[in-house]
Amino acid sequence: MLRPLTLFALFSFLVLNSILEAQSIQVVEAAREQIGVTTSYDPNYRSLSYPNGDIPRESGVCTDVVIRHCATAYNSTFSN
C-alpha cells in the first residue's frame, strides 16, 4: 500500500506536469503568432517605458521577438 506522502508526491507531480504542458503549448502558440510580424531588423537602441514598454512590433532584433512571444504566452497564462 502506498503511503500518504507518496500519493501526495505522485499527485503533485501529475498536477505540475499538466500545468507545465499547458504553458508549453501557450508558449509555442505565441511564438507561432510572431511569425511574419517583425519583418524589419532594427538594432538601434531605444528607451522604453517600464513596465510593458516595447518598440513597434514590425521592427526589432531576435530578442524582441522572443520577449514578445513569452510575454504573450505568460500574460495569457496568468490572466486566466
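Student: How do the residues of the lining of the largest pocket divide into nonpolar, polar and charged?
Tutor: In this predicted model, the lining of the largest pocket consists of five nonpolar, five polar and four charged residues.

Student: Which residues lie nearest the centre of that pocket?
Tutor: Of the 14 residues that line the largest pocket, N52, G53, D54, I67 and A71 lie nearest its centre.

Student: And what volume does the largest pocket have?
Tutor: Its volume is about 290 Å³.

Student: Changing topic, how many disulfides does a search of the whole structure find?
Tutor: The search finds zero disulfides. C62 takes part in none, and the nearest cysteine sulfur, belonging to C70, is 12 Å away. For C70 the outcome is again no disulfide, with the sulfur of C62 as the nearest one at 12 Å.

Student: Why does that separation rule out a disulfide?
Tutor: A disulfide requires two cysteine sulfur atoms within 2.5 Å. The sulfur of C70 is the nearest to that of C62 and lies 12 Å away, so the cut-off of 2.5 Å is not met.

Student: Is C62 buried or exposed?
Tutor: C62 counts as exposed, with a relative accessibility of 61%. C70, in turn, is partly exposed, its relative accessible area being 27%.

Student: How many salt bridges does the count come to?
Tutor: The count comes to one salt bridge. R46 forms it with D42, and the closest N and O atoms are 2.4 Å apart.

Student: Why can such side chains pair?
Tutor: Side chains of opposite charge can pair when their charged atoms come close.

Student: What is the relative accessible area of D42?
Tutor: D42 has a relative accessible area of 13% and is buried. Its partner R46 is partly exposed, at 35%.

Student: On to the helices: how many residues does α1 have, and how far does it reach?
Tutor: Helix α1 covers residues 4-33, which gives 30 residues. From its first C-alpha to its last, α1 reaches 44 Å, close to the 44 Å expected at 1.5 Å a residue.

Student: Which residues in α1 are buried?
Tutor: Q23, Q26, V27 and A30 are buried in α1. S24 also belongs to helix α1, but S24 is partly exposed, with a relative accessible area of 43%.

Student: How far is S24 from P56 in space?
Tutor: Their C-alpha atoms are 26 Å apart, and the two residues are 32 apart in sequence.

Student: Where does R68 lie?
Tutor: R68 lies in helix α2, which spans residues 62-79. With a relative accessible area of 4%, R68 is buried. The C-alpha atoms of R68 and L10 are separated by 35 Å, and these residues are 58 apart along the chain.

Student: One last residue: where is the place of T38?
Tutor: T38 is in the loop between α1 and β1, the latter being residues 40-41. T38 counts as partly exposed, at 21% relative accessibility.

Student: Why is T38 not counted as buried?
Tutor: Buried means under 20% relative accessible area. T38 has 21%, so T38 falls in the partly exposed class.

Student: And how far apart are T38 and L16?
Tutor: T38 and L16 are 33 Å apart in space, C-alpha to C-alpha, and 22 residues apart in sequence.

Definitions and conventions: Residues are numbered from 1 along each chain as its sequence is written. This is a predicted model: local features need pLDDT of at least 70, side-chain atom pairs count only at pLDDT 80 or more; totals for chains, interfaces and linings use all residues. Side-chain values use heavy atoms; hydrogens and water are left out. On a 1 Å grid over the protein atoms alone, a cavity is a set of points where a 1.4 Å probe fits but cannot get out, and a pocket is an open set with protein on both sides within 12 Å along at least five of seven lines; lining residues have an atom within 4 Å of a point. Grid points are joined across faces, edges and corners, and a volume is the space filled by probe spheres set on the points. Ala, Val, Leu, Ile, Met, Phe, Trp, Tyr, Cys and Pro count as nonpolar, Asp, Glu, Lys and Arg as charged, and the others, Gly among them, as polar. Buried means under 20% relative accessible area, exposed over 50%, partly exposed in between (1.4 Å probe, protein chains only). A salt bridge is a side-chain nitrogen of Lys or Arg within 4 Å of a carboxyl oxygen of Asp or Glu. Helices (H or I, at least four residues) and strands (E, at least two) are DSSP runs, numbered from the N terminus. The expected span of a helix is 1.5 Å times one less than its number of residues.
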